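User: I'd like to go through how a few labels are earned here. Could you set each value against its cut-off for me?

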Amino acid sequence: MLPASQAYLPTLLLHVVDGRVGAYKYAFVACGKRVLPTSQYSRLGDNRTYMDYIALGNRIGGWLPQPSPPLKKWLDEKIALVEHPSRRNVALHPVIQEFKDFIEADPAIHMGFHQMFEQIPSKRRYAKDPSGKPQVRDYNQMLFLFNHIIETAPVFEDSGFVGFPINAILDWPMGTPAGMVVFTNPAVNEHFKKMFDVWSTYLTSEASRTVLNDGVDGWFGPAARAALPDFESTYICDPSAPYHGFTSWDHFFTRLFRPGVRPVLFPHNSDIVNSACESAVYRLGFEAKETDEFWLKGQPYSLSDMLDHDEYAPRFAGGTVYQAYLAATSYHRWHAPVDGTISRIVHVPGTYYAESSFEGFPDPDIVAPNSSQAYITAVATRAIVFIQADNPVIGLMAFIAVGMAEVSTCEATVEEGQKVRKGDELGMFHYGGSTHCLVFGPQVAVTFAPEVEVGQQIRLNQPIATVSSAR
């Protein structure tokens with residue numbers, strides 16, 4: 001039997017209320033302080049408040065396909081390319097050479113990069129990485145693969161999109177004790193940031209748009225069209241122009257919806273909170289602590305860490321957290337969930353390939369950091385937008401954009417002091433994995449709509465909750 005501190009008890013207490021808003025009628029499940037939606041489970045113990053914990057499956061968001069011949073083929077081809085005799089004398093890009101010099105100049109870092117490969121078990125299961133190809137077994141091969149990847153743009157794989165090429169290489173090392181130390185080292189992450197800045201320069205160049213074609217692995221080919229149906233009527237583009245009018249891979253990745261595709265529902269009702277991203281629900285957290293042990297199993301939210309120890313952080317202690325993740329083919333811009341004023345914008349440098357120690361060996365997350373999404377809200381590269389809502393019941397709230405892997409750039413496009421209405425753009429994710437949070441203070445009772453269930457796809461600008469005073 002599990003001790004009380006690890007028991008997960010089904011929530012039986014539910015209170016359903018009918019909420020009439022405008023011309024529509026919605027049934028809401030009252031979550032309030034200690035009541036969760038029917039699909040959730042509550043955790044009780046260790047003197048903690050109720051917090052749901054959902055163990056989600058791997059390959060969340062479609063960033064890496066299931067282990068399959070196409071994915072194996074993809075990474076096999078990359079290794080064959082960088083190890084081909086014709087490329088033996090290819091020089092490392094200056095940013096990769098700088099990374100290599102950094103690794104080899106610091107004994108502790110050098111040891112860590114050796115050990116994170118050596119600590120991968122020699123069992124047959126780990127002879128290949130999660131993508132199905134022979135596991136990279138040393139940092140030199142890793143760096144040569146990086147050297148190739150930063151000068152390419154992602155193609156659409158016929159049986160799955162390889163959205164995390166570097167994550168595919170580092171997945172098993174991330175789950176080792178040495179990897180967990182290495183990937184949380186600020187100096188290591190500074191070098192990843194330098195490398196990603198170079199990659200980003202390529203992805204924003206005209207050269208990167210060659211993958212925007214109608215070939216087998218092109219983004220307008222048959223397989224891609226099946227994954228992105230009605231593309232021309234959904235997104236702003238020009239089908240008659242080369243590359244559909246996109247000037248770069250990044251331009252395509254951050255594409256805009258056509259007007260009217262995602263209308264703002266209930267724009268004048270300030271008691272309704274709308275979805276800030278086109279995303280799927282990951283977790284709902286209630287009575288989140290100002291400071292908690294986010295690295296533990298269950299990954300409780302630690303608001304002070306999530307909010308970068310901002311002076312506003314104490315105001316959210318005991319509040320509510322809504323977290324949702326974006327799919328590989330999602331719309332990647334963020335929009336205001338409420339009417340209000342941008343109070344503060346904070347850009348937080350952080351990790352790119354960190355994962356919870358509970359997701360590492362002996363049973364590692366196949367696509368880390370997918371199962372560590374709550375954990376990385378406290379450590380990963382992110383942007384925080386504080387919004388002073390016009391609705392005094394809500395007061396100050398926070399939107400947190402979290403980069404999960406690869407370039408992970410979180411760009412805010414609003415300014416402090418700017419007035420925003422529901423649906424106004426706040427910013428965007430550039431290439432890489434992404435998850436986001438809405439954080440509310442304890443003064444507001446957040447009642448989520450019944451469709452807000454873990455794993456459920458939520459459209460941009462649709463209602464996700466109503467608010468009322470908790471006092």
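Analyst: Happy to! Let's begin with contacts: in this predicted model, 76% of the protein's contacts with a separation of 6 or more join residues 24 or more positions apart.

User: Thanks. What share of the 471 residues is buried?

Analyst: Buried residues come to 58%. The secondary structure consists of twelve helices and 19 strands.

User: Why is Lys100 called buried?

Analyst: The cut-off for buried is under 20% relative accessible area. Lys100 has 18%, so Lys100 is classed as buried.

User: Where does Lys100 lie, and which residues is Lys100 in contact with, leaving aside neighbours within four places in sequence?

Analyst: Lys100 belongs to helix α2, which covers residues 94–105. With those neighbours set aside, Lys100 touches Leu92, Asn140 and Leu143.

User: Now to a helix pair. What makes α4 roughly antiparallel to α5?

Analyst: The axes of α4 (residues 139–149) and α5 (residues 165–174) come within 10 Å and cross at roughly 165 degrees. Angles over 145 count as roughly antiparallel, and therefore α4 is given that label relative to α5. The crossing of α4 past α5 is left-handed.

User: Which residues of α4 and α5 meet, and how many of them are nonpolar, polar or charged?

Analyst: From α4 come Met142, Leu145, Phe146 and Ile149, and they meet Pro165, Ile166, Ile169 and Leu170 of α5. Sorted by class, that contact has eight nonpolar residues, with no polar and no charged ones.

User: And how much area does the protein expose?

Analyst: About 18600 Å², with carbon and sulfur atoms supplying 55% of it.

Methods
Residues are numbered from 1 along each chain as its sequence is written. This is a predicted model: local features need pLDDT of at least 70, side-chain atom pairs count only at pLDDT 80 or more; totals for chains, interfaces and linings use all residues. Side-chain values use heavy atoms; hydrogens and water are left out. Axes are lines fitted to C-alpha atoms, for helices over the stretch in contact, and angles run from 0 to 180 degrees between N-to-C directions. Helices (H or I, at least four residues) and strands (E, at least two) are DSSP runs, numbered from the N terminus. Angles under 35 degrees count as roughly parallel, over 145 as roughly antiparallel, 65 to 115 as roughly perpendicular and the rest as oblique. A crossing is left-handed if the near helix is turned anticlockwise from the far one by less than a right angle, and right-handed if clockwise. Contact means heavy atoms within 4.5 Å. Ala, Val, Leu, Ile, Met, Phe, Trp, Tyr, Cys and Pro count as nonpolar, Asp, Glu, Lys and Arg as charged, and the others, Gly among them, as polar. Buried means under 20% relative accessible area, exposed over 50%, partly exposed in between (1.4 Å probe, protein chains only). Accessible areas come from the Shrake-Rupley method with a 1.4 Å probe; for residues, only the protein chains shown count as cover.
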